[in-house]
Amino acid sequence: MVSACASRLVGFGHAVPGRRVENAEIEKQLGLEDGWIERRTGIRTRHWAEDGDTLSSLAAKAGKMALDDAGIAPQEIALTLLATSTPDHLLPPSAPLLAHRLGLTNAGAIDLAGACSGFLYALTLADGFVRTHGRAVLVVAANILSRRINPAERASAILFADAAGAVVLAPTRDRGSGVLAAELAADGSGYELITIPAGGSNRPFASDIAAEEFLMTMRDGREVFSRAVALMTKTSRKALEQAGLNASDVTRFIPHQANARMFDAVCDTLGIEPTRTVRTIETFGNSSAATIPLSLSIANGQRRLESGEKLLLTAAGAGLTGGAIVLGT
């Protein structure tokens with residue numbers, strides 16, 4: 001076993017399905033006036049899966065892009081973590097199939113179900129693995145939420161999208177890179193705010209359960225908004241404090257793209273200049289755990305991450321789960 005001092009982000013990738021859905025299509029279906037969705041959420045378009053698309057195939061596209069970007073051989077990956085709320089099947093997990101499709105024959109693979117904060121949890125675990133074992137990890141977050149949307153429920157139908165994002169973490173001796181601080185949080189008192197009521201072991205599939213019970217529902221959008229803003233703000237402050245940094249030290253702020261008003265509120269409260277916020281919600285909507293790695297990949301493609309940058313990542317979602325990470329590059 002080789003102990004590494006830290007991890008470094010060495011590869012980035014993302015993927016979305018081919019079908020691009022404009023707001024007008026959803027506004028017409030829900031009887032909303034033109035422009036209503038963008039005013040409330042900041043979303044203009046999103047991508048939804050088509051027949052034949054699977055979660056594992058979408059994740060594999062993002063994973064391959066990240067591996068190619070890293071220039072790393074498949075046999076160098078020791079672990080694959082897949083953050084998803086929409087696996088191909090309830091059993092078996094989708095990560096082994098993802099690893100197989102990518103030719104990662106020398107790697108363990110497991111799913112993580114952390115809802116919108118799943119990528120933060122996976123990244124924290126991956127960083128610890130790299131530090132302990134000195135071997136590279138592939139982290140992929142992917143969701144096909146369009147198949148879990150209740151088209152008659154406005155709160156979820158206007159927000160959710162399908163996408164995948166991926167990063168490769170590799171060992172490095174640079175102590176200024178990787179996860180500099182992580183503040184993870186959970187608040188089970190908000191467990192019922194965002195749910196898929198049926199289909200789990202508590203209410204298993206049965207013919208007498210209405211189809212809508214197997215789709216996502218958001219019970220109180222205002223409560224979700226306020227609690228998510230509070231959680232993201234609190235954990236971001238704590239993570240920055242742990243890292244010995246101020247808001248002014250943040251090079252790029254990469255929040256979960258749940259709702260533009262939500263992360264703008266967090267940005268304003270923290271005192272981070274809006275120009276430093278990475279925004280992808282306008283084009284890609286809310287794909288839950290996938291939004292942060294997708295945003296990382298797009299931002300890196302537009303302007304390559306440079307050594308010495310300090311990134312602040314934060315998210316909150318169903319559970320309630322959430323947290324914040326300060327990353328060094």
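How many bridges join strand 8 to strand 13, and do they run parallel or antiparallel? There are 8 bridges between strand 8 and strand 13 (residues 321–328), and the two run antiparallel. Strands here are DSSP runs of E with at least two residues, helices are runs of H or I with at least four residues, and both are numbered from the N terminus. Two strands count as paired if DSSP finds at least two bridges between them.

The model is predicted: local features need pLDDT of at least 70, side-chain atom pairs count only at pLDDT 80 or more, and totals for chains, interfaces and linings use all residues. Residues are numbered from 1 along each chain as its sequence is written, and side-chain values use heavy atoms, with hydrogens and water left out.

Start with the sheet. It is open, has 4 strands in the order 8-13-12-11, and its pairing is mixed. Strand 8 (178–186) and strand 11 (252–255) stand at the edges. Each has a single partner strand, so one side of each is left without a neighbour in the sheet. Neighbouring strands are turned by 10° against each other on average, direction ignored. Angles run from 0 to 180 degrees between N-to-C directions, with axes fitted to C-alpha atoms, for helices over the stretch in contact.

Now walk across the strands. Glu-183 has Ala-324 of strand 13 as its bridge partner. Next, 8 bridges join strand 13 to strand 12, again antiparallel. Here Leu-311 stands opposite Leu-327 of strand 13. These two strands form a hairpin with 3 residues between them. Gly-319 sits in the turn and has a positive phi of about 140°. On the other side, strand 12 meets strand 11 through 4 bridges, and this pair runs parallel. Pro-255 has Thr-314 of strand 12 as its bridge partner.

Two helices lie across this sheet. Helix 5 (residues 118–133) crosses strand 8, strand 12 (310–317) and strand 13, at about 135° to strand 8. Helix 10 (residues 291–302) lies across strand 11 and strand 12, at about 145° to strand 11. Strand 12 is mostly covered, with 7 of its 8 residues buried. Buried means under 20% relative accessible area, exposed means over 50%, and partly exposed lies in between (1.4 Å probe, protein chains only).

Helix 10 is mostly covered too: 10 of its 12 residues are buried. Among them are Ile-292, Leu-294, Leu-296 and Ile-298. Its length also checks out. At 1.5 Å a residue, the 12 residues should span 16 Å, and the end C-alpha atoms are 16 Å apart, which agrees. The expected span is 1.5 Å times one less than the number of residues.

Finally, the annotated site. In an unreviewed entry, UniProt lists Cys-116, His-256 and Asn-286 as "active site". They are spread over 171 residues of sequence, yet they cluster in space, with a largest C-alpha distance of 9.1 Å. UniProt positions follow the numbering used here, feature names are shortened, and annotations may be inferred rather than shown by experiment.

His-256 lies in the loop between strand 11 and helix 8 (260–270). His-256 is buried, with a relative accessible area of 1%. Its contacts (heavy atoms within 4.5 Å) include Cys-116 and Asn-286. His-256 also touches Thr-291 and Ile-292, as well as Thr-314, Ala-315 and Ala-316.

Terms used:
Lists of a residue's contacts leave out its neighbours within four places in sequence.
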